Structures are given as structure tokens and as C-alpha cells.
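User: I've got this protein open on my screen and don't know where to start. Please set out the ground rules, then let me ask away.

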Amino acid sequence: MDSADSRDFHYMASALRLARNGLYTTHPNPRVGCVLVRDDEVIGEGWHVRAGGDHAEIAALKSADNASGATAYVTLEPCSHHGKTPPCADALIEAGIRRVVAAMPDPNPLVAGRGLAKLREAGIEAVCGVLEEDARRLNPGFIQRMTTGRPFVRSKLAMSLDGRTALESGESRWITSREARQDVHRLRAQSSAILTGIGTVLADDPALTARIGDDVLQPVRIVLDTHLRMPPHMQLAKLPGRSLILTASGDRRRMADLQKAGFEIHRIVEKNGRIDLNVVMTFMADQQVNELLVEAGPVLNGALLAENLADEWIVYMAPCVLGDRGRGLFTLPGIRTMADKKLLKLADARQIGPDLRLTYKM
């Protein structure tokens, strides 16, 4: 990290709080906040609200009467390229900013240090690395998509105390509490897309929408349907926004019927009789999906676990018992000995209503 003092950490913490205001609205762009300070007084604040709108630096500059001589605290390196908006680095230079403190470099290859370099070339002191880990936690999907070409994949599961997701009949509503279900809506709201399998759609006819009180950019809804079994009348086709079906089928008549109903259809290659999940992840990145939330049954979750494609597992455990005939979390036929077991690392545990929410990393 470059040279920084205690005040830099204080104001960067404020910028990070501002950035969180865009948690549900900025994708596919990152969540970014900015604070302008002169003579130890905040003179401007801003955050990025949604793609196509003002970046955080521009919003902060607009909120200040005169930013000349100020220090700009921004949670991500100012951009240096023309996208939907002009470069923020240029705007900071033109405003007479004296010093810029960034939490982290921009992982976008179009920026990747060029913004900081442009500021330094203009004679502005540029510091980077203040509260970097906090800034990275704010944008795991954007960082991963820019650096690896795939989204950050988070799978949500709900289970009983004895590890069951449903009764033998398939009945599963509701294992967890109202508080846990509301928490899931917040997970949906911060996701660019929600992925499920055709089995879940046929069983539950889910809406896969984020229903919270805040302003939300609704996630794209994506269904894996290898053999194109989706009925045209499911509610996913009737809701506003995008509902995609990823299939290996070439049945043009079925495709036409589903497209007429409101679905987007995309063909994905097969692997061992199922849609290739690695190709799916590349497709998601091409669709500018930063954070992908998986809400699916044991077959898809088992496949994700077997191929190490999920970055995070969020398990809601309810204080109830469904018995030994209930359905499990994962279908993993390849595990025959203890040496084959999958190991996860507990990253967080907290109580949500009467339930426990356990967060695991691979």
C-alpha cells in the first residue's frame, strides 16, 4: 500500500458505506463510493447508482460547490477510458483535485492502473490500497468476471437440522422461517442473475424475483433445461425483465413456442448428457453477470460441487427434523470413500430469526 494516514482510513470507510447504497442497482458495473475532503471537512459525496448514470466521482463532484485542492477518496481506481460515460480521472484533474486515495486498483483490463497513472502524470498524488480487502468484498463478482472471465457463484440452500431439503414427496415449503426467506430476497437483490434447473421450475413454478422494500434492479432469471421441457405457461415467462432458457435441444418448434411465450433461448453444448456447466459460466460472463445466485435442487448443486464451480455456499438450517426419507442437499454419486469427500471452509455463522445461516467457501 502507498503512504496513507489514519484520516485516510476514516474517510475511505465513509466512501465504502456510500458504495453500499448501490448494492442492489449497479450491476453489471461495480459498487463505488466517493468522498471529497478539504481541510478535514467533507465537501462532497456520491456513489454509483446504476449503469449508464454518473460514476461515484462525478456524483461527488456535482455535490461540491468547488472541489479545487480537495482529496478524493474513492473505493475503486478512477476509470481512464471512455465507456458509457467520460473518464473519471479526467474529471478529477479538471476539477483541481490535489490528491486521490483509492481503495483498490480497477481489475478491468481497460483501466488496470491507467487511471492512477494518468492522475500522477497530471501532478496529482495518488495513493492506492486503503481498506482494499473491504473494497474487494464489496465487488466479488465484478472482480472475478474481470480477472477470470466467469461470475462469482453463490448457491443458496435450505435444510432441516438433519440435512434434508424436502420430504420424500418433494414438499419443501416452508422449511425455514419468514426471516430467512426475507434474507434470501436480499441475496437475490444483490445478484445479477438467478440460476435454477428445470426440475425446480416444474416442481415449484418459482418467480425468482427480489421482493424487498429498496430500489432493486431485478436479476436475470436463467433456467438450465437440457431437453427443453419448459411449459410455455410458467410464470417466469410472464414477469417483467429477462427470463432465459439454456438448452442443448435443437427442437425449433419448441423454441419458437417458448420464445413466443416470452423466454430467451440459448443453446449450450452438452457434456455427459447434460449442459456443460463450464460453458454456462463463460456464457454468464458474456452476459455481464457479476454475481450469480443458484437456487436449485440436489442434482445441479451436486454438479456444481463436483466441478468446484461454486465460490460460496449459503446454507439456512432450520430447527426442525424431516426424517431419514427426506431429500438431501447434494446428488454426488462419485463419493464412495472418505478420501473422496468435499471439504468446505466455514466463513460466517449467524442467526436469522430461529434459523442459522452458515456461509461456506470452497
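Analyst: Let's begin with contact: two residues touch when they have heavy atoms within 4.5 Å of each other. This is a predicted model, where local features need pLDDT of at least 70 and side-chain atom pairs count only at pLDDT 80 or more, while totals for chains, interfaces and linings use all residues. Residues are numbered from 1 along each chain as its sequence is written, and side-chain values use heavy atoms, with hydrogens and water left out.

User: Which residues does Arg211 touch, not counting those up to four places away in sequence?

Analyst: Arg211 sits in the loop between helix H8 (198–204) and strand E8 (220–224). Helices (H or I, at least four residues) and strands (E, at least two) are DSSP runs numbered from the N terminus. Past its close sequence neighbours, Arg211 touches Gln182, His185 and Arg188.

User: Is Arg188 buried or exposed?

Analyst: Arg188 belongs to helix H7 (residues 178–189), and its contacts beyond four places in sequence include Leu208, Arg211 and Glu295. Here's the yardstick: under 20% relative accessible area is buried, over 50% is exposed, and in between is partly exposed (1.4 Å probe, protein chains only). Arg211, at 47%, therefore counts as partly exposed. Arg188 has 10% relative accessibility, so it counts as buried.

User: Which residues does UniProt list for "binding site"?

Analyst: The record is an unreviewed entry. UniProt positions use the numbering used here, feature names are shortened, and annotations may be inferred rather than shown by experiment. The residues listed are Ser172, Arg188, Leu208, Arg211 and Glu295.

User: And where does UniProt place "active site"?

Analyst: That label also comes from an unreviewed entry, and it marks a residue in helix H2 (residues 56–63). This residue touches Cys34, Val74, Leu76, Pro78, Cys79, Cys88 and Leu92, leaving out anything up to four places away in sequence. Its relative accessible area is 4%, so it is buried. The residue in question is Glu57.

User: Which strands stand at the edges of the sheet?

Analyst: Nine strands make an open sheet with mixed pairing, in the order E10-E9-E8-E7-E13-E6-E14-E16-E15. Two strands pair if DSSP finds at least two bridges between them. An edge strand has a single partner, so one side of it is left without a neighbour in the sheet; that goes for E10 (264–267) and E15 (345–352).

User: What angle does helix H10 make with E9?

Analyst: Helix H10 (residues 277–286) packs on the sheet and touches several strands, E9 (243–247) and E10 among them. To get angles, lines are fitted to C-alpha atoms, for helices over the stretch in contact, and the result runs from 0 to 180 degrees between N-to-C directions. For H10 and E9, that gives about 145°.

User: How much space lies in the second largest pocket?

Analyst: On a 1 Å grid over the protein atoms alone, a pocket is an open set of points where a 1.4 Å probe fits, with protein on both sides within 12 Å along at least five of seven lines; lining residues have an atom within 4 Å of a point. This one has 29 lining residues, with Arg20, Arg137, Arg154, Gln190 and Glu312 nearest its centre, and H5 gives the most, five residues. Grid points are joined across faces, edges and corners, and the volume is the space filled by probe spheres set on them. For this pocket, that comes to about 980 Å³.
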